[in-house]
Structure formats: C-alpha cells, structure tokens
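Work through the exercises below with the model open. Try each task before reading its solution.

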Amino acid sequence: QALNTHKKKNFCVPDVPGKLHLRGESDRHTMTPPIGETAETETGSLGQNRRNSTEKDTSPKTNGFFVRFVGRRRLTDAFLKSLAFYLTLPAQPLLLLVARSKRGSWQETLMDLYSIERPLSFYFSFLNPLSIWQPQTEEDSEAVRRILSRGGRELKVKISTAKRPLRCVCISDTHMRHDKLPDLPEGDVLIHTGDCTNFGSLAEVVEFASWMGRLNFPHKILVPGNHDMILDPPYYADYWSDWSLEKEDCAVAFSALETSGVKVLKEEGVTIEGVSVFGTPWVVNGNPWETAFNVPQTQAASLWDKIPSDTQILLTHMPPFGMKDRDVFGVNAGCPDLANAVMKRVKPAAHIFGHEHADSGVFVNGGTAFVNAASVSDFYQPRSPVVMLVEGD
C-alpha cells in the first residue's frame, strides 16, 4: 500500500553545481517533495525551521505505541543496543562465540561487532559469506587477497570509460556519529549509502548537511536509507508523528543538502569523469513496523529492474543476498532479487551499500567488488571508511 502511494507522486530534481550530470530519472519520487505543499517556515536558523501547520498533531498512520514512544523520545538504536548489552552482559561471551563461528577470524569478528581494527598486521583469514553465487573464480579470490593485504578497507577497480583516476571514499550508516569517524582521507568523490540520521528529523539532516558541506570533496553523493524518514516525503506524510512532535518541511531538508553540495540519488544516475553511477534507496522490510523506503519482498524485483544495465558503480542502502550482508549471528539478511539483478544483468564494477552494520568490508564475486561501507559496528562504534580507487584502462 505504501508503495502504491509513492507511485502517485511526481517530484523534481534540483541540480547541484559541479560536474555531476543527470543520466536519467525514475517516474517514482526521484528527489524532492512536492514544492506546492511547502508551508511557510519560521524565521531563524535553518535547523529551527518547522512548518507552521494547523493540521492535527498526529499522522494518518502509525506503527504503534512502542515505535512512537521510541521515536518521539529520541531513543536511538545505539542507546537501545547498549542497554540490551548491559542487560544481557552474562550472555555476551556466548554471543561473541556464535558470531566468531560464522566468521573467518577473531579479527574479523571484533571488527564487525566492535569496530576493533588493530593490529592491522593481523589480517583476516577470509571466509566467503554464505552465498548463492559460490564458488568464486580464481580472479575473484586473488582480488580479495590483494584487498586483505591492504587491511581490507582499500580496493582498486578498473572502469574503461574513466577519464582519469578517481579516489572514492565510501561511508554509510553514520547515524549522527559522523563527527566521531576517523579523519576521512582525501578523495574526489564522497559516497554515503544511507542512514545518515537516526530519526530522519529536519534538525538531524541540517546538522549532517552542515558537516558534509565542510568536507573538501569535489563530488558528494547520498543515497538515503530507511532511517532517513524526512527524505522519503510520501512515507513521512503518512508516519511523521511516529518520529516527531511536529510535522517538518521535507523541502527544507533537501535544500540543506543541496546547499551543502550533496547530490541525493533516488532512482537516478549521474556521470562523474566518464563513470556511470546509479543510486536507489529501497529496503526490503524485515520488521513488523514501517520505516522510510520500505518495500515488501514481493515488489523488490520490479524496483531493481529499474537499475540501468550500463551502471558501472551501483549505490544502494540494501545489501544483496550473500555479499557482505551478515547480521551479528552470521545470518544473510540481504535481498536475493537485488543479488540476481546485480550478478546476472547489471554486473557493475562496484556495488556499494550499507544497512547491515556487522559485515562491513569488501567481497569480490563475478568481477564485481561488493562494498559494505557501514561506518559503525552493530554496537555503533565508528570505523574507518572504505577507499576505492577507480582506474581506467
């Protein structure tokens, strides 16, 4: 039903100055909310702008008392997981052993659960994720070995149309901990694949946009995630009071990002120095409640069909099944239909995503580098970005 509601909306995409060129757009809410619905905002700082609305103080739909209690009281996932950790402290060694049994080494386990990256000289003994795409080719395995020899957070990909080398810094799932990340290295493109906020509020987006604006990258790209409620206007119109006491203006959130030089990709593509990039934010809903960009599994394949076949770098929030998509317990949580689309039809040089915090890193299969760029662990400790160097032939 939420998906059908989205299809009735048409939105425009404001251009961001620079060298990004639109390569196509979907008929499905591609960027901004309907400008005609924008209400007057209060004067003052952008972060304080809110709609002066006479509407009812509740949204048309709700996920129920518990979600509304958590959302309105700003109880973050990081807080809830920390609380659960201490409440189950005696059982944590067992959780650690279960997590280790699904991974290739203790170093990999500690990285996934707690973002412990040192000592880097102790590299992962790599274990392929449980995958419908096994086995890897020898070329894939060699590519993985090269990546691990550099600590597992750097990779190179070849794209013949690249006009010059591009250094892409990949982050995701920062959840308002962006200022706690290790210093980002220099680069040409900063890629964020969603969940920049916790509750998708205007103040959070404005704060994140301000941080992005201070970063010295010629190109900055954001593909929103399921926590970024205000960046999915149809969803926000239905559920806003689950996450906020007041209905805020989606257009102001998009404007803050645009002003900071951030290109938001929602089912559209850009070309950067000859490299074709496409971003799509959809997430298959695995919970009993609705968040932004959620779709049922039965409708996912039709959305992935919209990814152009000539995409060279694919950006999603959702991971594909079997490719760096494990949860804490080692269960693959990605989308099989997305894996099918990527591996059988699109075959990009790189697929960058996030969503699953407990499987960050790089995996190579079928000639595609799969990058889970999640910037926090499952317990929300920040970790280093993944750096991808794009080279031409």
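Three exercises with solutions follow.

This is a predicted model, in which local features need pLDDT of at least 70, side-chain atom pairs count only at pLDDT 80 or more, and totals for chains, interfaces and linings use all residues. Residues are numbered from 1 along each chain as its sequence is written, and side-chain values use heavy atoms, with hydrogens and water left out.

**Exercise 1. Place His 192 and list its contacts.**

Step 1. Find the element. His 192 lies in strand β4, residues 189-192. Helices (H or I, at least four residues) and strands (E, at least two) are DSSP runs, numbered from the N terminus.

Step 2. Check accessibility. Buried means under 20% relative accessible area, exposed over 50%, partly exposed in between (1.4 Å probe, protein chains only). His 192 is at 0%, so it counts as buried.

Step 3. Collect partners. Contact means heavy atoms within 4.5 Å. Setting aside neighbours within four places in sequence, His 192 touches Ile 171, Ser 172, Asp 173, Thr 174, Phe 208, Ile 221, Leu 222 and Val 223.

**Exercise 2. Describe how helices α7 and α9 pack.**

Step 1. Take the axes, which are lines fitted to C-alpha atoms, for helices over the stretch in contact; angles run from 0 to 180 degrees between N-to-C directions. The axes of α7 (residues 202-214) and α9 (residues 250-259) come within 8 Å and cross at roughly 5°.

Step 2. Classify the angle. Under 35 degrees counts as roughly parallel, over 145 as roughly antiparallel, 65 to 115 as roughly perpendicular and the rest as oblique. The two helices α7 and α9 are therefore roughly parallel.

Step 3. Name the residues. From α7 come Leu 202, Val 205, Val 206, Phe 208 and Ala 209; from α9 come Val 252, Ala 253, Ala 256 and Leu 257.

**Exercise 3. Which residues do shared salt-bridge partners join into one network with Arg 164?**

Step 1. Apply the rule: a side-chain nitrogen of Lys or Arg within 4 Å of a carboxyl oxygen of Asp or Glu. The count comes to nine salt bridges.

Step 2. Take the pair Arg 164 and Asp 188, with closest N and O atoms 3.4 Å apart. They sit 24 residues apart, in the β2–β3 loop and the β3–β4 loop respectively. Arg 164 is partly exposed at 33%. Asp 188 is buried at 17%.

Step 3. Add Glu 273, which bridges to Arg 164 at 3.7 Å, N to O. Glu 273 lies in the loop between β7 and β8, 109 residues from Arg 164. Its relative accessible area is 15%, so Glu 273 is buried.

Step 4. Combine. Arg 164, Asp 188 and Glu 273 form one network through shared partners.
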